Structures are given as C-alpha cells and as structure tokens.
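Open the model in your viewer and keep the selection box at hand. The stops below follow one after another.

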2 protein chains.
Amino acid sequence: MGTRERRAREFREREAYLLDLATELLLEQGQDAITMERLAARGEYAKGTLYKHFTCREDVLCALACRRVNNIAAMLAQALSQVTRSRDRVLAMFVAYELYAAQHPEDFRLTLALSAGSLTDRVSADHLDELENARQSVFAISKALIGQAREEGDLAALPVSEDAFTFALETACQGSYMLVSGDPELRRRWNLPSGEENMHALASMVLDGVGWRPLSADRDYTALAASLRQQLAPVVARFSMNPGTTSAT
Amino acid sequence: MGTRERRAREFREREAYLLDLATELLLEQGQDAITMERLAARGEYAKGTLYKHFTCREDVLCALACRRVNNIAAMLAQALSQVTRSRDRVLAMFVAYELYAAQHPEDFRLTLALSAGSLTDRVSADHLDELENARQSVFAISKALIGQAREEGDLAALPVSEDAFTFALETACQGSYMLVSGDPELRRRWNLPSGEENMHALASMVLDGVGWRPLSADRDYTALAASLRQQLAPVVARFSMNPGTTSAT
DNA sequence: TCATTTTGTGACGGTGCGTCACAGTATAGG
DNA sequence: CCTATACTGTGACGCACCGTCACAAAATGA
C-alpha cells in the first residue's frame, strides 16, 4: 500500500491548487490581494491547512515567484531557439524579456516585493531553495550565450569573469524594467523614445564595449529587433500567466 | 499677526519631527517597523494627527524616501567635486553609490518597497511630487556629467539621446544594487569578485562601448577606483542617515 | 470494530489601518 | 475680560489580516 506516496502526491497537488488560487487573485486584484484569509475563503481549505504548506504569507509569494521565474526561463529558452548567432540571441533575449514584462507587469512587482523584505527569516527553506534554483536557470541561459559566443569566436576577451558579465547583463535588464514598471510615468518624463529602444541601446553599448561580434556598426540590430518583436510576440504570449502553467501533472 | 505663517511653519516642523521618528524606527528595526501605530506611540502626537500629515502608511515611506534621495543627491554632488575629468567623475559616482549602499542598505529596501506597490493611488500628490523632484536631481547629476564630457570633447557621438543614456546609467547602477542588496548571498553564489568590481566592470564596458574617453585601455580605472574608495569613504560617511539631516531648520 | 495516527479546522488573541465624532485650544470681535 | 467661532488634536471604533492551537474528523490497519 503506497499510502506514503499517495499522501505526498496529494500534498503536492494541493499546493499546486493553492498556488493556482493565488495566481487568480494576483491577476484579478494584484499582489496585495493575496492574503491567507482570502485564499482560505475562496478555496476549499481552511486557514489552518494553508499553514501546512506555507510558513507565512511571504512564503506563498515566494512559491508563486518561483513558478513565474521558471516560466520565464522556459519562455526565454523558446525565444532563443528562434535565432542562431550568439549576439542575435542576446537581442532576442532582451526582446522576449521586454514583451513578457509588458504582458505581465505583476511579475516584476512580485519580484520587487520579495527583494524589499528580507525573505530568509520567515520563508521556508524549501521554497527559498526552489526560487534560487529557478533564478539560476535564468542566469544559466545568459551564461550559455556567452559560452556560445566564445566558442564561435564572436567574443574574444572579457574584462571580467563570465559569471560577472552574465550577472551584469541580467542586472542591467532587470534594473531597467524595475524603474519602468515601478513608475510608468518615468518614461514620459524622461523623453525615453520607448522602453524597448532604450534597453536595446544599452545592450548595444555594453556588447559593443565588450567587443561581441558582429558589432552594431556591422549589422542593423534595430531592424532585427523590430522583426524579432513581431516574431516573438506569439511565442511569448503562449507563456501566459494562467494558473497551472507550471503545475505538476 | 502672522498666524497663518506660524501655523504653516509649525506644521512643517512637526512633519520633520515625525519623519525623524520614522527614521529612528527604520534604523532600529527596519522598514516594517514604521507603522502609524508605533509612530503615534513613540512620538508625542496621536494617530489622528499623523493623518493630518500623511494620507497613509505608504505616504510616510514616500516622504522618508524623498529625504533619502535628496541626501544621496547631495552626497553625490560632494563626491563628484573631488575629481575633475568627466569619466573620472562617473567612476566617482559609482564608487560613492557603492559606499553609500554598503552603509545604508535600508535605503535601497525602501526604494524597492515603494516601487513594488503602486504609489500613485494612495500617496499624497505633494509627497509624490517631492519624491519625483528628488529623483530628478539625482538624474540631473548624471546628465551634467554627460554634458561636461561632450563639451570637453571626451564623448563624441551617442547612439541614443542624452536622457536615454542618463537613464540607462542610473538604471544599471540601481539594478545591480537591487540584486545584491536583495539577496546578500547572490554575490557568493555567483563568484562575483565583489559587488564593486562588478559594477565598475559594467561601467567600463558601457563607457568604452560608447566611446567615452579616456578609454579603459588608456587609463587604469581599477587603480583609480581603489584610491577613490579611500578618498570618498569619509565624505560619504558624513551623509549618514541620522534623523534631521535634511529637515528644515 | 476500534484504537491510533494523521489531517483539517476555525475561533482566538494580537497588530495594524484609516475614520470620525468629539474634546480641547487658540483667535478675534465685542 | 468674555464669549462665539474656527481650528487642532484625539483615541476609541470597525474592519482586515496574521499566525497559533486545542480540538474535531477522517483515514489507517490490526
């Protein structure tokens, strides 16, 4: 009698169910609406049961963020498969990020909220680990791109370690979306042609600065970005935020 | 009889007093400790009075952030006055930011928390405006540097508008500190030589990429950064977070 | 069938928010 | 100096949410 296994499975399924509920709340009313109270009221389990899965409210947000980050990683992987040359792929990554951010501003809000409070204290070690792993898988994508570029001879020397460069790329990307999504008016105030254009310009500068070939002088990345935007829109849209996307089956 | 004026002055003084209290709470117990409840309990005014000044809790955080941003702007201005050449000054700005971030991690937390929730709804228009102005004054510093570089012929052409470039610089800087201060373990996991070194490397890449002279090949910015770090430490420390720093007198 | 273990519950004490009717105090006019 | 009026300050109140815990219900297996 596999009682043990069945119990474990049911537990996982219920967690997925609860996270689906949380996702609904997030989409309908924003992250502040994700409360233990409402989760219990809307779903079929009482508050006490919720605390069998999550140590606290932040733990729910953390688990939710984890799903999202995994989803982003999958989305990026798919987007990158559309082009071949390493620098084109970097651009594809930026474009995909941008499209995703436009479709799911709440995702970034979630990330910010988690960064703002100190997680480590109250969140369960399990969910924290899971989130960290998910983040690693996103970073791994950038890192693989750098590896590819070096192999193919498009990127000769780096002034810093590959890890540090990976980190810098991600950092710049997320920082930009933070400012933009944090205050939608910011873009207007600063006469930024558009969030996208700005990001690509920054990316161009960094990549040119580091000598990642073909340099922007040798290839029309603006045009490429435009066409990628067309091409990737449906791909990104497929990774929407509807509940269950990343649930176990 | 300047009754009107006196009242207005007293009002401003009380607001400063309340923000001093909030700062104490922030320093002692973190931003979650800043509640209307405790502010009223610790200070000499009742809750109802607090709501004469602030529309809600977030409004307090907003006003507090405003003070901080102004303080950072002042600090940066001072730091930049230590060197003359434009690109050196950019480096000084990065170093100053870094030193400040190390000394006041709570500042960044505050910024993140404000970006995570939608301010515009509940925060008073006054405080929001003030915060926006404060931010502008920080951006203005970066922008002035770009102006200087162009005037002096150290920066020929930009692939984007000056505003966009300014924005990109700030963005990258803040994004990095977000990731680092959000999760102190991140640095360790990624074998980042150090947060500073990483930031400077990124800055170097961007500045080289955009052709801001002298290029890093022509000048030892690593050594300059190290010496700036020594030189600026006491300057930055002077702009500490003790209450009243930015109060009206 | 029933003792035992596991799972699920929701009432409870506590904290914090934002409001509002009222108490207290200053101002100015008589 | 007194009083009517306007302004300022208050804290109790209703509400929402958190996280806990003693107990109820159900599943297990002997």
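A note on classes before the first stop: Ala, Val, Leu, Ile, Met, Phe, Trp, Tyr, Cys and Pro count as nonpolar, Asp, Glu, Lys and Arg as charged, and the others, Gly among them, as polar. This is a predicted model, in which local features need pLDDT of at least 70, side-chain atom pairs count only at pLDDT 80 or more, and totals for chains, interfaces and linings use all residues. Residues are numbered from 1 along each chain as its sequence is written, chains are lettered from A and ligands numbered from 1 in the order in which they are written, and side-chain values use heavy atoms, with hydrogens and water left out.

**Stop 1: DNA strand D**

Select DNA strand D and the residues near it (a heavy atom within 4 Å). You should have 20 residues, with R6(A), K47(A), R122(A), R14(B) and T49(B) the closest. Of the strand atoms that come within 4 Å of the protein, sugar and phosphate account for 69%. Colour the selection by class: six residues are nonpolar, four polar and ten charged.

Now show helices, which are DSSP runs of H or I of at least four residues, numbered from the N terminus. In chain A, α1 (3-29), α2 (36-42) and α3 (47-53) each supply at least two residues of this surface, as do α1 (3-29) and α3 (47-53) of chain B.

Next, look for polar contacts to phosphate (pairs of N or O atoms within 3.5 Å; within protein, one must be able to donate a hydrogen and the other to accept it, and residues adjacent in sequence count only if both atoms are side-chain atoms). A polar side-chain atom of R14(B) sits 2.5 Å from a phosphate oxygen of DNA strand D. For a side-chain N or O atom of T49(B), the distance to a phosphate oxygen is 2.6 Å. M36(A) uses a backbone N or O atom, at 2.9 Å.

**Stop 2: DNA strand C**

Switch to DNA strand C. Here 20 residues lie around the strand, and R14(A), T49(A), K47(B), Y51(B) and R122(B) come nearest. Sugar and phosphate make up 69% of the strand atoms within 4 Å of the protein. Which residues place a backbone N or O atom by a phosphate oxygen of this strand? They include A46(A) at 3.0 Å, M36(B) at 2.9 Å and E37(B) at 3.1 Å.

**Stop 3: the nonpolar core**

Select the largest nonpolar core, a set of buried Ala, Val, Leu, Ile, Met, Phe, Trp, Tyr and Cys residues joined through side-chain atoms within 4.5 Å. Buried means under 20% relative accessible area, exposed over 50%, partly exposed in between (1.4 Å probe, protein chains only). The core has 154 residues; F165(A), W212(A), F165(B) and W212(B) touch the most other members.

Centre on F165(B). Beyond four places in sequence, its contacts (heavy atoms within 4.5 Å) include M205(A), I146(B), L158(B) and W212(B).

Go to V160(A), in the loop between α7 (125-151) and α8 (162-182) of chain A. Is V160(A) buried or exposed? At 19% relative accessibility, V160(A) counts as buried. Leaving aside neighbours within four places, V160(A) contacts F165(A), A201(B) and M205(B).

**Stop 4: two cis peptide bonds**

Most peptide bonds are trans. Select R213(A) and P214(A): a cis peptide bond joins them, with omega about -10°. P214(A) is in the loop between α10 (195-210) and α11 (221-238) of chain A. In chain B, R213(B) and P214(B) are also joined by a cis peptide bond, with omega about -10°.
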